[in-house]
Amino acid sequence: MNSTNPLTALTLTDECREHLLDVDKPKFEIRNLKRVSEDGVPILKSINLEIPKGAIVGIIGPSGSGKSTLLRALNRLWEPPSASVFLDGQDISHLDVLSLRRTVAMLFQLPALFQGTVADNVRYGPHLRGIKLSDEEVRKLLLMADLDASFVDKSGAELSVGQAQRVALARTLANSPQVLLLDEPTSALDPISTENIEDALLKLNKNRGMTLVIVSHSIKQIQRIADIVCLLVDGEIVEVLKPDQLSQAKHPMAQRFLQLSS
Ligand SMILES: Nc1ncnc2c1ncn2[C@@H]1O[C@H](COP(=O)(O)OP(=O)(O)OP(=O)(O)O)[C@@H](O)[C@H]1O
């Protein structure tokens, strides 16, 4: 594998690509994506990347390297320059932003539930579009987030952070996203809650072909779930590797980061 070029998925070896669902149809194409801070400091430096449909892509790198900025560009939580991010071939800056965020949903580090019951939270997104989910639909969504039906009538305030994160996942899934962006989704969770979320994410990917892009500080987590790992250093993708090849990273900063993180 060519591991030094800021790669696109097209340059991955066949071995790396073969287990992806639909590698010939990139879900996202990112072309020459740049961001400079107001005082002129580069935050993202010409990111070029293809995210294959149905892949789980991990993004790792030192603090401040631009991981969250890159993730947020994919559903315009940060507005990228036009013609730099394409979803299914369409420039996302031309899409309706609310429908983009339903298709490309974000799960944050800390779940913020609305007041009311778990069911109220899960029904929220469809309700905004005039759709009322049945009790059965709510239960199915909870199940997809690894929660059983006993949670339906609980209030958000009664839940542990791990349970609340799974409710936040079910609420997100109620909008039928095709892509989930995950910004350190388990960093506030204990190991068992982390495993529950990872299991739910892997099932969503395997059973529904959902494309996942996950920023994590946990190399082990990335190795457990990702198909492809992008190493971001100082606003640049310096390497794209398979998770079991991370120890072969060549970039000195990437090597140092990986040594200190493992
Ligand atoms: N809205 C903003 N305005 C100006 N600078 C910003 C803004 N958002 C982020 N930055 C800067 O961009 C750089 C990258 O930030 P970002 O949060 O994307 O990094 P990160 O790799 O996700 O970091 P961490 O791992 O600590 O969460 C940082 O130097 C940060 O201070």
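A nonpolar core, as the term is used here, is a set of buried Ala, Val, Leu, Ile, Met, Phe, Trp, Tyr and Cys residues joined through C-beta atoms within 7 Å. With that in hand, let us walk through this predicted model. Its largest nonpolar core has 70 residues, and the members that touch the most others are Ala-170, Val-213, Cys-230 and Leu-231. Two of these names, Cys-230 and Ala-170, make good starting points.

Take Cys-230 to begin with. Once neighbours within four places in sequence are set aside, Cys-230 is in contact with Leu-49, Val-57, Ile-59, Ile-237 and Val-240. Next door in sequence, Leu-231 turns up again among the contacts of Ile-60, a residue of strand E3, which covers residues 56-60. Beyond four places in sequence, Ile-60 is in contact with Ser-216, Ile-219, Ile-222, Val-229 and Leu-231. A residue counts as buried when 20 or more other C-beta atoms lie within 10 Å of its own; Ile-60 has 26 such neighbours and is therefore buried. Ile-60 and Ala-226 are 166 residues apart in sequence, yet their C-alpha atoms are 11 Å apart in space.

Now follow Ala-170 into helix H6, where it is one of the buried residues. H6 runs over residues 161-173, and its 13 residues should span 18 Å at 1.5 Å a residue; the end C-alpha atoms are 18 Å apart, so the two values agree. What surrounds this helix? The cover over its buried residues includes strand E6 (104-107), helix H4 (118-128), helix H5 (135-144), strand E7 (179-183) and helix H7 (191-208). Because 12 of its 13 residues are buried, H6 is largely enclosed by the rest of the structure. Those buried residues include polar and charged side chains too, among them Gln-163, Gln-165, Arg-166, Arg-171 and Thr-172.

Strand E6, part of that cover, holds Val-104. This valine is buried, since 24 other C-beta atoms lie within 10 Å. Leaving aside neighbours within four places in sequence, Val-104 is in contact with Leu-74, Asn-75, Leu-87, Pro-177, Val-179 and Leu-181. Val-104 and Val-41 are 63 residues apart in sequence and 28 Å apart in space, C-alpha to C-alpha.

Two serines deserve a look at their backbone angles. Most residues other than glycine have a negative phi. Ser-46, however, has a positive phi of about 45°, and Ser-176 has a positive phi of about 50°. Where do they sit? Ser-46 lies in strand E2, residues 42-53, while Ser-176 lies in the loop between H6 and E7. Ser-46 is partly exposed, with 15 other C-beta atoms within 10 Å; Ser-176 is also partly exposed, with 14.

Turn next to the ligand. Around it are Ser-37, Ile-43, Gly-61, Ser-63, Gly-64, Ser-65, Gly-66, Lys-67, Ser-68 and Thr-69. Which element gives the most to this shell? Helix H2, residues 67-73, does so with three residues. By class, the shell has eight polar residues, one nonpolar residue and one charged residue.

Finally, step back to the whole domain. An unreviewed UniProt entry lists residues 28-259 as "domain: ABC transporter". Over that range, the chain in this model is 35% helix and 25% strand, with its end C-alpha atoms 30 Å apart.

Notes:
Residues are numbered from 1 along each chain as its sequence is written. This is a predicted model: local features need pLDDT of at least 70, side-chain atom pairs count only at pLDDT 80 or more; totals for chains, interfaces and linings use all residues. Two residues are in contact if their C-beta atoms, placed from the backbone, lie within 7 Å. Helices (H or I, at least four residues) and strands (E, at least two) are DSSP runs, numbered from the N terminus. The expected span of a helix is 1.5 Å times one less than its number of residues. A residue is near a molecule or strand if its C-beta atom, placed from the backbone, lies within 6 Å of it. UniProt positions are given in the numbering used here, feature names are shortened, and annotations may be inferred rather than shown by experiment.
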